[in-house]
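Please look at the sequence and the structure shown here, and then read on for a short report on how its side chains meet one another.

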Amino acid sequence: MPRSVDPQRHGARRAVIVAAAAAQFAELGYDRATTAGICRAAGISSGTFFHYFPSKLDVLVAVLTTELESLRESLEQVAREASGLAAVLAHAARIEAEMADDSYVTFVNGLLGVVGEPEVAAALAAESEMVERFLAEHLGRGRRDGDVREDVDLADLVTWIGWLVDGASQGALQRPTGAASPLAAAILALVATRPGVLEPD
């Protein structure tokens, strides 16, 4: 007779493995991280690891999925605390802080070799779509408030902000670790109706 599985215990053990994998990927990068290292960090055997995840790629996808949920929660918190252009700039400030973290470069560089994997590509695409919806909503509110320029379609502004974020990300990979990114200021200059509107901190 098959042994029954305690869903709560199963979920907790899985979360421990995902957290250990995230830490290993952030410290070493995906390529250098090993399932053996993840097992040591999680305090589990390799048999337990492979019971939950068939491969290192599968646990990476789980890490990205967990980060997607964290992003959702972050955007919801921003939306509770701000609206319109202020929310867009608050999101940009969060990205700036993320890019200044020591682990950002290692983690992002580690993804470069696996971005073509369908599961990884799908997770990254879901992240982009979530951010684009957030930006479109709050740029629209900012426009109604008179803070966001009206001479460009909102969809184009969202695309341009995406380009700024991509450029800032590439810059973060080349700057000294911890160096600041002027992303929020660049977004403000791009979308604001006039100088001095909601100057970023």
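The report that follows takes up charged pairs, nonpolar cores and aromatic rings, in that order.

The model is predicted, so that local features need pLDDT of at least 70 and side-chain atom pairs count only at pLDDT 80 or more, while totals for chains, interfaces and linings use all residues. Residues are numbered from 1 along each chain as its sequence is written, and side-chain values use heavy atoms, with hydrogens and water left out.

## Charged pairs

Side chains of opposite charge can pair when their charged atoms come close. The structure holds four salt bridges, a term that stands for a side-chain nitrogen of Lys or Arg within 4 Å of a carboxyl oxygen of Asp or Glu. Among them are the three in this table.

| Acidic residue | Basic residue | N to O distance |
|---|---|---|
| Glu 98 | Arg 94 | 3.1 Å |
| Glu 137 | Arg 141 | 2.5 Å |
| Asp 151 | Arg 149 | 2.8 Å |

Where do Glu 98 and Arg 94 lie with respect to each other in helix 5? They are four residues apart in this helix, which covers residues 85–100, and are therefore separated by about one helical turn. Helices here are DSSP runs of H or I with at least four residues, numbered from the N terminus. Arg 141 and Glu 137 are likewise four residues apart, about one turn, and both belong to helix 7, residues 118–144.

How open these residues are is described by relative accessible area, where buried means under 20%, exposed means over 50% and partly exposed lies in between, with a 1.4 Å probe and protein chains only. Glu 98 is partly exposed at 38%, and its partner Arg 94 is partly exposed at 26%. In the helix 7 pair, Arg 141 is partly exposed at 28% and Glu 137 is partly exposed at 38%. Asp 151, by contrast, is exposed at 58%, whereas Arg 149 is partly exposed at 23%.

## Nonpolar cores

A nonpolar core is a set of buried Ala, Val, Leu, Ile, Met, Phe, Trp, Tyr and Cys residues joined through side-chain atoms within 4.5 Å. The largest one has 34 residues, and those that touch the most other members are Leu 85, Val 88, Leu 135, Leu 139, Ile 161, Ile 187 and Val 191. Two or more residues come from each of helix 4 (56–81), helix 5, helix 6 (102–111), helix 7, helix 8 (154–174) and helix 9 (183–191), and helix 5 gives the most, with seven residues.

Leaving aside neighbours within four places in sequence, Val 191 is in contact with residues including Leu 85, Leu 139, Arg 149 and Ile 161, where contact means heavy atoms within 4.5 Å. Apart from the largest core lies another, of 26 residues, among them Ala 21, Ile 44, Phe 53 and Phe 107.

## Aromatic rings

The whole structure has three aromatic pairs; rings of Phe, Tyr and Trp (its six-membered ring) pair if their centres lie within 6.5 Å, and planes under 30 degrees apart count as stacked, over 60 as edge-to-face and the rest as tilted. The rings of Phe 49 and Phe 50 have centres 5.1 Å apart and planes at 85°, so this pair is edge-to-face. Phe 49 and Phe 53 have ring centres 6.0 Å apart and planes at 45°, so their pair is tilted. Ring pairs thus link Phe 49, Phe 50 and Phe 53 into a cluster. Within this cluster, Phe 49 is buried at 0% and Phe 53 is buried at 3%, while Phe 50 is partly exposed at 41%.
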